[in-house]
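Thanks for coming. I will take the empty space first, then one helix pair, then the confidence. Please have the structure open.

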Amino acid sequence: MTLAVFFGCAFIAFGPAFALFVFTVAKDPLRVIILIAGAFFWLLSLLLSSLVWFIAIKASNSQDLTLQRGLLIFGVFFSVLLQEVFRFAYYRLLRKATEGLAAISDDDGSAISVRQMAYVAGLGFGIMSGAFSMINILSDSLGPGTVGIFGDSQYYFIITALMTLALTLLHTFWGVLFFEGCEKSRWWVIAAVVSLHLLVAGLSLLNPLYEGSLPPVYGITLLMGVWAFFSSGGSLHSLNALCTRRKAEGESS
């Protein structure tokens with residue numbers, strides 16, 4: 001049973017991200033480099049936020065539960081803001097490195113587009129974020145122990161996997177929107193991305209009240225997905241053309 005939980009949660013949390021990597025990133029060495037660098041920038045933000053968290057914990061009274069709760073909330077929101085700062089720093093780095101990226105690209109034409117960089121960088125952020133969110137929980141799912149035996153929710157593992165999936169997709173969508181906002185100087189888009197990131201982080205603090213956190217997070221994920229689709233040049237016409245072409249290919253085969 002523990003193996004079933006392990007593989008089930010792993011496939012839920014990382015299946016879509018793995019599919020995106022295989023079909024849209026893995027075949028292009030340049031995209032792989034951008035994805036790994038994006039994951040590294042997310043790790044840097046985690047390192048700095050962990051350092052601040054460690055200092056705050058050591059400098060505070062560990063017996064004061066109210067203070068510890070406040071520090072937890074502060075740590076979550078500070079980490080979110082730091083992630084967005086590093087996302088902006090990564091955008092600036094990629095823009096400055098465009099000519100260098102063109103030199104190592106297999107394409108003889110122009111360098112990789114900003115929209116492609118935004119998607120791949122966002123996916124890198126999301127994969128690394130999901131890995132750190134889920135890896136210890138997957139280890140615990142192998143046992144020993146029984147989830148919910150002391151009255152806690154028995155859906156802890158599956159809910160965590162679903163939240164990890166949502167955050168991975170959200171980071172991908174946020175990457176597209178954030179880079180688009182920076183590229184076109186639409187600061188309200190950047191503010192919206194940061195605000196929604198803070199909102200999702202705040203909703204996670206409602207756990208284990210899962211019915212109060214999971215549905216809103218997936219509502220935001222759907223909204224961000226639609227927004228990122230149209231922001232990256234998608235349209236209802238192109239979507240209809242794709243469906244029509246797939247239907248024609250199916251009939252011809």
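How many cavities of 30 Å³ or more does the count come to? The count comes to one cavity of that size. Keep in mind throughout that this is a predicted model.

So much for the count; now the cavity itself. The largest cavity holds about 30 Å³ of space. Its lining is made of S49, V52, W53, F74, G75 and F78. Helices α2 and α3 each supply at least two residues of that lining. By class, the lining of the largest cavity has four nonpolar residues, two polar and no charged.

Next, the open space. The largest pocket contains about 1000 Å³. Thirty residues would be a long list to read out, so here are those closest to the centre: of the 30 residues lining the largest pocket, they are V76, S79, S133, L167 and S204. Which elements give two or more residues to this lining? They are α2, residues 29-59; α3, residues 65-96; α5, residues 114-141; α6, residues 156-183; and α7. The classes in the pocket lining are 16 nonpolar, 13 polar and one charged.

Two of those helices, α3 and α5, also pack against each other, and I want to go through that contact. The axes of α3 and α5 come within 11 Å and cross at roughly 140 degrees. The crossing of α3 past α5 is right-handed. On the α3 side, the contact is made by Q83, F86, R87, Y90, L94 and R95. On the α5 side, V114, M117, A121 and F125 take part. Sorted by class, the residues of this contact come to seven nonpolar, one polar and two charged.

Last, the confidence. For the protein chain the mean pLDDT is 86, with 88% of the residues at 70 or more. Where is confidence lowest, and where is it highest? The lowest is in helix α4, residues 98-104, with a mean of 64. The highest is in helix α7, residues 187-204, at 94. Helix α7 is also one of the elements that give two or more residues to the lining of the largest pocket.

To recap the two spaces: the largest pocket is about 1000 Å³, and the largest cavity is about 30 Å³. That is the end of my part.

Definitions and conventions
Residues numbered from 1 in each chain as written. Predicted model: local features only at pLDDT ≥ 70, side-chain atom pairs only at ≥ 80, totals over all residues. Heavy atoms only, no water. pLDDT = per-residue confidence, 0-100. Helix = DSSP H or I, 4+ residues; strand = E, 2+ residues; numbered from the N terminus. 1 Å grid on protein atoms, 1.4 Å probe; cavity = no way out; pocket = protein on both sides within 12 Å on 5 of 7 lines; lining within 4 Å. Points joined across faces, edges and corners; volume = space filled by probe spheres on them. Nonpolar A, V, L, I, M, F, W, Y, C, P; charged D, E, K, R; others polar. Axes fitted to C-alpha atoms, helices over the stretch in contact; angles between N-to-C directions. Left-handed = near helix turned anticlockwise from the far one by under 90°. Contact = heavy atoms within 4.5 Å.
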